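I opened the model to look up its ligand shell, its sheet and a few single residues. My entries follow in the order I made them.

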Amino acid sequence: MTAPVRRAGVPEATVGRLPLYLRALTALLDQGITSISSEELATLAGVRSAQVRKDLSHLGSYGVRGVGYDSEQLSAQISQELGLTQEWPVAIVGMGNLGRALAAYGGFTGRGFRIVALVDDDPEVVGTVVEGLTVTTLTALGTSGTAVAIGVITTPAPAAQTVAEQLVLLGVRSILNFAPGHLVLPDGVDVRGVDLATELQILAFHEQRRLLAISTHDPLVADVDAGPDCDLGRGALG
Ligand SMILES: NC(=O)c1ccc[n+]([C@@H]2O[C@H](COP(=O)([O-])OP(=O)(O)OC[C@H]3O[C@@H](n4cnc5c(N)ncnc54)[C@H](O)[C@@H]3O)[C@@H](O)[C@H]2O)c1
């Protein structure tokens, strides 16, 4: 079966790995390392080196034999491909434990995202100041004229579908949903779900296989590829 290909010709699976490469490159550049081989990048990103070369070839980047890739150039290329050369305005809806933690996370800035609005529907929360922003309602956000490109949902699950629909009505086309459950939204709206419980269940599965392999002395039982590192939010949080 052929992998789904985005309009620009870069497969979705490659797009999913680009943030891993970018994070590795950013760390290298911070250390003043200006070139990197595909093997080194593969180790840092947790994928195979042939995969790195194939992924980067989709961007037209082939590296130089014996030298590797120019870290800065590659970082700029990946940033451009991911649309990170401009800053995307983000609204977080649900100013509870998780919403506040995300609002306080400094790692979005400088990675192409700026939190422009914090939203809640609890009258006791609306109007309070969190991380320098006054918490507002979705209705007020709609009338404020504040442009929002990405909506982050951190409400309890029962509210998530309605919140998502309200965000779409405000023109938001990209949603990162932390609430458990599947959102049903019109075509053209991109939704990514982050669910720590699912990730823990996958780890539990592999842990169980390992224990089974030890008790049965059968290494084949444990020989299940856990796949590349799961990066929650594909690099958004790490
Ligand atoms: N994805 C993950 O890995 C992960 C991890 C932890 C929590 N969660 C989920 O994140 C969500 C938030 O968790 P929490 O502990 O921060 O909850 P919380 O109860 O502390 O906060 C929820 C906030 O959402 C607000 N809210 C409720 N309905 C709303 C609406 N219609 N519009 C705007 N705001 C609304 C509430 O007033 C509250 O401030 C839950 O769905 C939880 O299951 C997911």
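I call a residue near a molecule or strand if its C-beta atom, placed from the backbone, lies within 6 Å of it. This is a predicted model, where I accept local features at pLDDT of at least 70 and side-chain atom pairs at pLDDT 80 or more, while totals for chains, interfaces and linings use all residues. Residues are numbered from 1 along each chain as its sequence is written.

**Ligand shell**

I looked up the surroundings of the ligand and found 25 residues, the closest being Gly 94, Gly 96, Leu 98, Ala 179 and Leu 196. Helix H5 (97-104) and helix H7 (157-169) are the elements that give two or more residues to this shell. H7 has the largest share, with four residues. My helices (H or I, at least four residues) and strands (E, at least two) are DSSP runs, numbered from the N terminus. I then sorted the shell by class and got 14 nonpolar, seven polar and four charged residues. Here Ala, Val, Leu, Ile, Met, Phe, Trp, Tyr, Cys and Pro count as nonpolar, Asp, Glu, Lys and Arg as charged, and the others, Gly among them, as polar.

**Overall counts**

I noted nine helices and nine strands in the protein. Of its 238 residues, 26% are buried. For burial I count other C-beta atoms within 10 Å of a residue's own, placed from the backbone: 20 or more is buried, 12 or fewer is exposed, and in between is partly exposed. Among contacts with a separation of 6 or more, 55% join residues 24 or more positions apart. A contact needs the two C-beta atoms, placed from the backbone, to lie within 7 Å.

**Sheet**

In which order do the five strands of the open sheet run? I read E4-E3-E7-E8-E9, with parallel pairing. At the edges are strand E4 (113-119) and strand E9 (190-193), each paired on one side only. The average turn between neighbouring strands of this sheet is 20°, direction ignored. Two strands pair if DSSP finds at least two bridges between them.

I followed the pairing inwards. Strand E3 (residues 88-93) and strand E7 (residues 150-153) run parallel and are joined by four bridges. Val 93 stands opposite Ile 153 in E7. E7 also pairs with E8 in the parallel sense, over four bridges, and there Ile 153 has Asn 177 as its bridge partner.

Along E8 I checked where the side chains point. Ile 175 and Asn 177 face one way and are buried, whereas Ser 174 and Leu 176 face the other way and are not.

**Helix H5**

H5 lies across E3, E4 and E7 and runs at about 155° to E3. Axes are lines fitted to C-alpha atoms, for helices over the stretch in contact, and angles run from 0 to 180 degrees between N-to-C directions. Gly 99, Leu 102 and Ala 103 of H5 are buried. Down the axis of H5 these buried residues fall within an arc of 100°, so they line one face of the helix. The arc is that of the directions from the helix axis to the C-beta atoms. They pack against E3, E4, E5 and E7. On the other side of H5, I found Asn 97, Ala 101 and Ala 104 exposed.

**Helix H2**

I repeated the check on helix H2 (residues 38-45), where Ser 38, Leu 41, Ala 42 and Ala 45 are buried. Their arc around the axis is only 105°, which puts them on the same side of H2. Helix H1 (12-30), strand E1 (35-36) and helix H3 (49-57) are among what covers them. Gly 46 follows H2 and has a positive phi, near 80°.

**Single residues**

Glu 131 sits in the loop between strand E5 (129-130) and strand E6 (133-134). I noted its phi, near 50°, as a positive value in a residue other than glycine. Most residues other than glycine have a negative phi. Glu 131 is partly exposed, with 15 other C-beta atoms within 10 Å.

Leu 170 lies in the loop between H7 and strand E8 (174-177). It counts as partly exposed because it has 18 C-beta neighbours inside 10 Å. Leaving out residues up to four places away in sequence, Leu 170 touches Leu 141, Gly 142 and Val 148. From Leu 170 to Leu 141 I logged 29 residues in sequence and 8.5 Å in space, C-alpha to C-alpha.
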